Amino acid sequence: MRIAAAATRDRVSLDGVTFFVRSEPYTEARRRTIEASGARAFSSYGMTEASMIAIGCAAPTAPDDVHVMDTRYAVVERTRAAT
């Protein structure tokens with residue numbers, strides 16, 4: 001986002017540049033800043049213990065829309081006795 005903001009400030013177009021944003025929430029304000037520079041971005045969700053869990057949507061309705069990699073992960077329910 002800082003690169004996009006600096007490009008906009010300096011009137012340098014980042015048309016054709018795609019940012020892969022991670023580590024912090026991809027908010028509407030961040031999306032606007034990046035797109036104002038002419039660039040675009042998509043986000044992902046992951047963690048050290050499980051690697052990438054979800055990848056940004058190609059046609060999002062919100063900046064942080066992602067698709068869960070359901071071929072890599074599963075939710076497994078199990079019954080536990082109440083204690």
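Q: How do the residues lining the largest pocket divide into nonpolar, polar and charged?

A: The lining has eight nonpolar, four polar and five charged residues. Ala, Val, Leu, Ile, Met, Phe, Trp, Tyr, Cys and Pro count as nonpolar, Asp, Glu, Lys and Arg as charged, and the others, Gly among them, as polar. This is a predicted model, in which local features need pLDDT of at least 70 and side-chain atom pairs pLDDT 80 or more, while totals for chains, interfaces and linings use all residues. Residues are numbered from 1 along each chain as its sequence is written, and side-chain values use heavy atoms, without hydrogens and water.

Q: Which residues lie nearest the centre of the largest pocket?

A: Of its 17 lining residues, Ala41, Phe42, Cys57, Ala58 and Pro60 lie nearest the centre. The largest share of the lining, four residues, comes from β2, and α2 (28-36) supplies at least two.

Q: Where do the side chains of strand β1 point?

A: In a regular strand the side chains alternate between the two faces of the sheet. In β1 (residues 18-21), Phe19 and Val21 point to one face and are buried (under 20% relative accessible area), whereas Thr18 and Phe20 point to the other face and are not buried.

Q: How many aromatic pairs are there?

A: Rings of Phe, Tyr and Trp (its six-membered ring) pair if their centres lie within 6.5 Å. The count here is one aromatic pair. Phe20 and Phe42 form this pair, with 4.9 Å centre to centre and 45 degrees between the planes. Phe20 lies in β1 and Phe42 in β2, so the pair ties together parts that are 22 residues apart in sequence.

Note on methods
On a 1 Å grid over the protein atoms alone, a cavity is a set of points where a 1.4 Å probe fits but cannot get out, and a pocket is an open set with protein on both sides within 12 Å along at least five of seven lines; lining residues have an atom within 4 Å of a point. Buried means under 20% relative accessible area, exposed over 50%, partly exposed in between (1.4 Å probe, protein chains only). Rings of Phe, Tyr and Trp (its six-membered ring) pair if their centres lie within 6.5 Å; planes under 30 degrees apart count as stacked, over 60 as edge-to-face and the rest as tilted.
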